[in-house]
Amino acid sequence: MFALFRKDSASELRTRYALNSLIMFIVVTISVILFSSVNETLPESLTGGLLWVVVFFTAMSGLSRAFVSEEERGTTLTLQLIAKAEVVFGGKLIFNTVLIFCMNLVTLAFYALVMDSFVLRTPSVFFLAFGIGSIGISGASTVIAAIIAKANSKGTLYPVLSFPILLPLFLLLIDLTKLSIEGTTPDAAFVELAALVSYDVVIITASFLLFDFIWKD
Amino acid sequence: MFKKYLLYILISGVCIAGIAFPIVKVPQHWWEYPLIPGLEENAKIIFFHVPTAWISVIAFFMSAYFGFRYLRSRDMAFDAKALAANQLGMVFCVLATVTGSVWAKFNWGSFWNWDPRETSIFILLLIYGALFALRSAVEVEEKRATLSAAYSLIAFVTVPFLIFIMPRIMTGLHPGSADDETSGPVIDFKMNMNMRMVFYLSLTAFTLLYSWMWSIGYRSILIKEKIFQNKELK
């Protein structure tokens, strides 16, 4: 599993094509938000939501590469032969999680820098949500990427399929961000955090169970 | 044959009862409903909105169930059953969303409010749309069936979150949300006896309608596939 992760990260770091384009994507998106709100200060709840909008579109751009790149390079069959399905999925999941975590950190850093009204009063709630949420995003996105890798119009199909699955997650994350901006303690936000954890567990379990069917012809 | 006529009578009875029976302050006759403060005339839409929403969820569960059966047995008949459930589910979901919007306009003033339950029916609509998009993007039949079964199962595990948990946790407009005193959306709804009976009849009628349409639907899909296969052989 970790060998797969190392192979994927090595090939990504070798060309750095995907990383660069994702970082540029984040910069461009946040710039667009800044341009459209030049003289007005955004209300605090809105800035919380916009962060996750940027995260969502970054994820949509970047996470399908895990399986689509295999299809493009023709290495799918090799991978099917040398490793069990769970191992392949585990490796891709770890890769995507690390990728989305890094991307989200970059987004968060850039966002906190340029958005004045993004002030977290209880950072603990936010960072918990951030970590658990990133795992959830990558879990759902990886399995959808496996599904669309075999389909025809991959690029447009990926956000279409991912959005309904990711939406409950993003609603929870936006709500938690709002709560952390307002200053709610982790105890008060416990229900939402518990829902977040259960979403993660459920989606990753279901993905592991179903991946075997998706992966094999 | 007899079942079909029974269904016609039942549905027309429900439509008449749902639309034409008047709502008055103090019901004198068996065909009059009491006035519920806050809802007044709007209450009648409950006979149409709730069953359609209920059926769209059932259709979704059926699609996930038949997807599961397909993955176990690789029998294309299950895929046809799942597809028929998807098609009908989409129709009922659109109906539920539209009736819900209409009710929202009359009750709370605007067509759409992003109330958690409205959001969840919207997500259900998106899931159905995504299933159709996925189906049209894969040409190989067995791959198409496998992928749509896998996707409907993944969507199925997130649906309980939407439909049952979130509307109760987050505050919203719909009856049964976190800040509403009534305990449930429908059953404890202070409904009068005859209203409740018409409601249950409506639920039964819509369920029968759906199951009839579904059985015709999946059989016609199977026959269509057979015709295609015969054409190719010739």
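How many salt bridges does a search of the whole structure find over all chains? The search finds one. We will come back to that pair after a walk through the two chains, keeping in mind that what you are looking at is a predicted model.

Let us begin with chain A. Its secondary structure is made of nine helices and zero strands, so if you follow the chain from the N terminus, the elements read α-α-α-α-α-α-α-α-α. The radius of gyration of chain A is 18 Å, close to the 17 Å that the globule rule gives for 217 residues, so chain A is as compact as a globular protein of that length. If you would like a feeling for its dimensions, the C-alpha trace spans about 55 × 35 × 30 Å along its principal axes.

What about the inside and the outside of this chain? Of the 217 residues in chain A, 53% are buried. Chain A exposes about 9,400 Å², and carbon and sulfur atoms supply 69% of that area. Its charged side chains number 13 positive and 16 negative, with the centres of the two sets lying 12 Å apart.

Contacts tell us how the chain folds back on itself. Taking the contacts in chain A between residues at least 6 apart in sequence, 84% join residues at least 24 apart. For a single example, turn to A:Asp200, which sits in helix 9, a helix covering residues 190-215. Is A:Asp200 buried or exposed? Its relative accessible area is 7%, so A:Asp200 counts as buried. Leaving aside neighbours within four places in sequence, A:Asp200 is in contact with A:Ile132, A:Ile135, A:Gly136 and A:Leu169. One of these partners, A:Ile132, is 68 residues away from A:Asp200 in sequence, yet the two C-alpha atoms are 7.4 Å apart in space.

Now move on to chain B. Here there are six helices and two strands, and reading along the sequence gives the pattern α-β-β-α-α-α-α-α. Of the 234 residues of chain B, 50% count as buried. The accessible surface of chain B comes to about 12,100 Å², of which 68% belongs to carbon and sulfur atoms. Among contacts in chain B between residues at least 6 apart in sequence, 68% join residues at least 24 apart.

One residue of chain B deserves a stop along the way. Most residues other than glycine have a negative phi. B:Arg74, however, has a positive phi of about 60 degrees although it is not a glycine. Where is B:Arg74 found? Look in the loop between helix 2 (46-73) and helix 3 (76-108) of chain B. With a relative accessible area of 41%, B:Arg74 is partly exposed.

Helix 3 also brings us back to the opening question. The salt bridge joins B:Asp79 to B:Arg135, and their closest N and O atoms are 2.5 Å apart. B:Asp79 lies in helix 3 of chain B while B:Arg135 lies in helix 4 (residues 116-137), so the pair ties together parts that are 56 residues apart in sequence. Both partners, B:Asp79 and B:Arg135, are buried.

Technical notes:
Residues are numbered from 1 along each chain as its sequence is written. Chains are lettered from A and ligands numbered from 1 in the order in which they are written. This is a predicted model: local features need pLDDT of at least 70, side-chain atom pairs count only at pLDDT 80 or more; totals for chains, interfaces and linings use all residues. Side-chain values use heavy atoms; hydrogens and water are left out. Helices (H or I, at least four residues) and strands (E, at least two) are DSSP runs, numbered from the N terminus. Buried means under 20% relative accessible area, exposed over 50%, partly exposed in between (1.4 Å probe, protein chains only). Contact means heavy atoms within 4.5 Å. The radius of gyration is taken over C-alpha atoms; the globule rule is 2.2 Å times the number of residues to the power 0.38. Accessible areas come from the Shrake-Rupley method with a 1.4 Å probe; for residues, only the protein chains shown count as cover. Lys and Arg count as positive and Asp and Glu as negative; His and the chain ends are not counted. The place of a charge is taken as NZ of Lys, CZ of Arg, CG of Asp or CD of Glu. A salt bridge is a side-chain nitrogen of Lys or Arg within 4 Å of a carboxyl oxygen of Asp or Glu.
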